Amino acid sequence: MKDKFILGIESSCDETAAAVLLGTVELSNVIADQKLIHRYYGGVVPELASRAHQQKIIPVVEAALSEANITKNDLHAIAFTRGPGLMGALLVGVSFSKALSMGLSIPLIDVNHMQGHVLAHFITKKNENKKTPSFPFLCLIVSGGHTQIVRVDDYLSMKIIGHTLDDAAGEAFDKSAKMLGLPYPGGPLVDKYAKEGDPKKYKFPTPKIEGLDFSFSGLKTAILYFIRDQVARDEHFIRDNINDICASVQNSIVTILINKIKAAIAQTGIKEVAIAGGVSANSELRKQFLSLIETEKCTVYIPPFAYCTDNAAMIAVTGYYKLLNNRFATQDITPLARMAME
Ligand code: KG4
Ligand code: ZN
């Protein structure tokens, strides 16, 4: 099975992506991102996302095939994101994948996007001897739409043991950035300014949520009122303190995440821990996550930047594990805006 070429297609939000894997080995990973299209509106506009996917899906797939140095006739299977995501955006990837699988008479495999983020840890490069997590492991998935702690028992057996009750961590970053007048998506910019700032300069309240669940809406409101009050006193407050504000906001979000992952380690006794999703690109989260090796005596897995944010290699690798288990989709499959973890 290691010699199977798998095409992955991702279109759940604002990235049109295609990747070719040979087994778990990445041969190409192409992404056309739409950030500039949505930036003017301060967030993803679903209808514009669908239209952009439609325009980009064919060139992106062609680029992925050509970079992998194969033609579509070499493919053994097509894996696509079924959900969760924006319905119109998903529809483009689902319809395209169905048509291509029918045209080529090769298997079609549906993938849960969140499962893809977790299994991104198993993508390898040519001749790479990579240490991958062993089962069971814990994975903190932090993206623009989700914040979950997942117990991973096997490639295709995962259970959510903690999740956000309101906003996702990525949303907390993006909404804070918006309050500071930064363009969408603000997470990476908060990260950038925070590098020059003092994370202890401003204190924001930490939510008291039982168990392994998260909440970020209280923090968001506290930041909103803090900025409003400071700007009322000094109209240049944001401009003059942007680095310290970003560092303090980032520190508050990361502290919430790290405390919960520590609680999950204590509760489950599992010492193999991974992070995944767009926010796992955050430098402070990566730094504090690494420190768990010392404080919690655990082994940590941090994905390369290219596999943190949405990509199709993670969809293709999940497709590979489903192919190994003969888990295929049929032509009547439909996208799902919400989707439970397998
Ligand atoms: O996983 P992803 O690419 O898309 C979703 O499935 O949502 O995650 C996107 C999220 C956005 O909220 C973005 O601001 C955040 O990841 N993000 C970051 C960083 N890079 C991306 N947040 C904080 N620091 C970063 N360096
Ligand atoms: Zn994602």
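Two strands count as paired if DSSP finds at least two bridges between them. Keep that in mind for strand 6, a good place to start in this predicted model. Strand 6 and strand 9 (residues 272-276) run parallel and are joined by four bridges. Within that pairing, I141 stands opposite A276 of strand 9.

Strand 6 also pairs with strand 7 (residues 147-154), this time in the antiparallel sense and over six bridges. Look for L138 here: its bridge partner in strand 7 is R151. To get from strand 6 to strand 7, the chain makes a hairpin through four residues.

So how covered is strand 6? Six of its six residues are buried, so the strand is mostly covered, given that buried means under 20% relative accessible area. The cover is on both faces: F137, C139 and I141 lie on one side, L138, L140 and V142 on the other, and all are buried.

Now step back along the chain to strand 5 (residues 108-112). Five of its five residues are buried, so strand 5 is largely enclosed by the rest of the structure. If you follow its side chains, L108, D110 and N112 point one way, while I109 and V111 point the other way, and all are buried. Strand 5 runs parallel to strand 4 (residues 77-83), with five bridges joining the two. One of the pairings to pick out is G83 with its bridge partner in strand 5, N112. Between these strands the chain passes through helix 3 (residues 87-104), giving a β-α-β crossover that is right-handed.

Next, the aromatic rings. How many aromatic pairs does a search of the whole structure find? It turns up 14. One of them is Y40 with Y41, an edge-to-face pair at 5.1 Å centre to centre and 90° between the planes. Y40 is exposed, with a relative accessible area of 72%.

F122 and F135 make another aromatic pair, this one stacked, with 5.9 Å centre to centre and 25° between the planes. Both F122 and F135 sit in the loop between helix 4 (113-119) and strand 6 (137-142), so their pair ties together parts that are 13 residues apart in sequence. F122 counts as buried, at 3% relative accessibility, whereas F135 is partly exposed, with a relative accessible area of 28%. Ring pairs also draw these two into a cluster with F137, Y155, Y320 and Y321. F137 is a residue you have already met, on one of the covered sides of strand 6.

Some rings have a charged group over them as well. The charged end of R286 sits over the ring of F305, 4.1 Å from its centre. K192 does something comparable with Y193, lying over the face of that ring at 5.4 Å from the ring centre.

Finally, have a look at S215, in the loop between helix 6 (187-194) and helix 7 (217-233). Is S215 buried or exposed? At 9% relative accessibility, S215 counts as buried. What does its side chain make a polar contact with? The partner is the side chain of D166, at 2.6 Å. Leaving aside residues up to four places away in sequence, S215 touches T164, D166, P207, I209 and I256.

Notes:
Residues are numbered from 1 along each chain as its sequence is written. Chains are lettered from A and ligands numbered from 1 in the order in which they are written. This is a predicted model: local features need pLDDT of at least 70, side-chain atom pairs count only at pLDDT 80 or more; totals for chains, interfaces and linings use all residues. Side-chain values use heavy atoms; hydrogens and water are left out. Rings of Phe, Tyr and Trp (its six-membered ring) pair if their centres lie within 6.5 Å; planes under 30 degrees apart count as stacked, over 60 as edge-to-face and the rest as tilted. Buried means under 20% relative accessible area, exposed over 50%, partly exposed in between (1.4 Å probe, protein chains only). A charge sits over a ring if NZ of Lys or CZ of Arg is within 6 Å of the ring centre and within 35 degrees of the ring normal. A crossover is right-handed if, with the strands pointing away from the viewer, the path from the first strand over the helix to the second runs clockwise. A polar contact is a pair of N or O atoms within 3.5 Å; within protein, one must be able to donate a hydrogen and the other to accept it, and residues adjacent in sequence count only if both atoms are side-chain atoms. Contact means heavy atoms within 4.5 Å.
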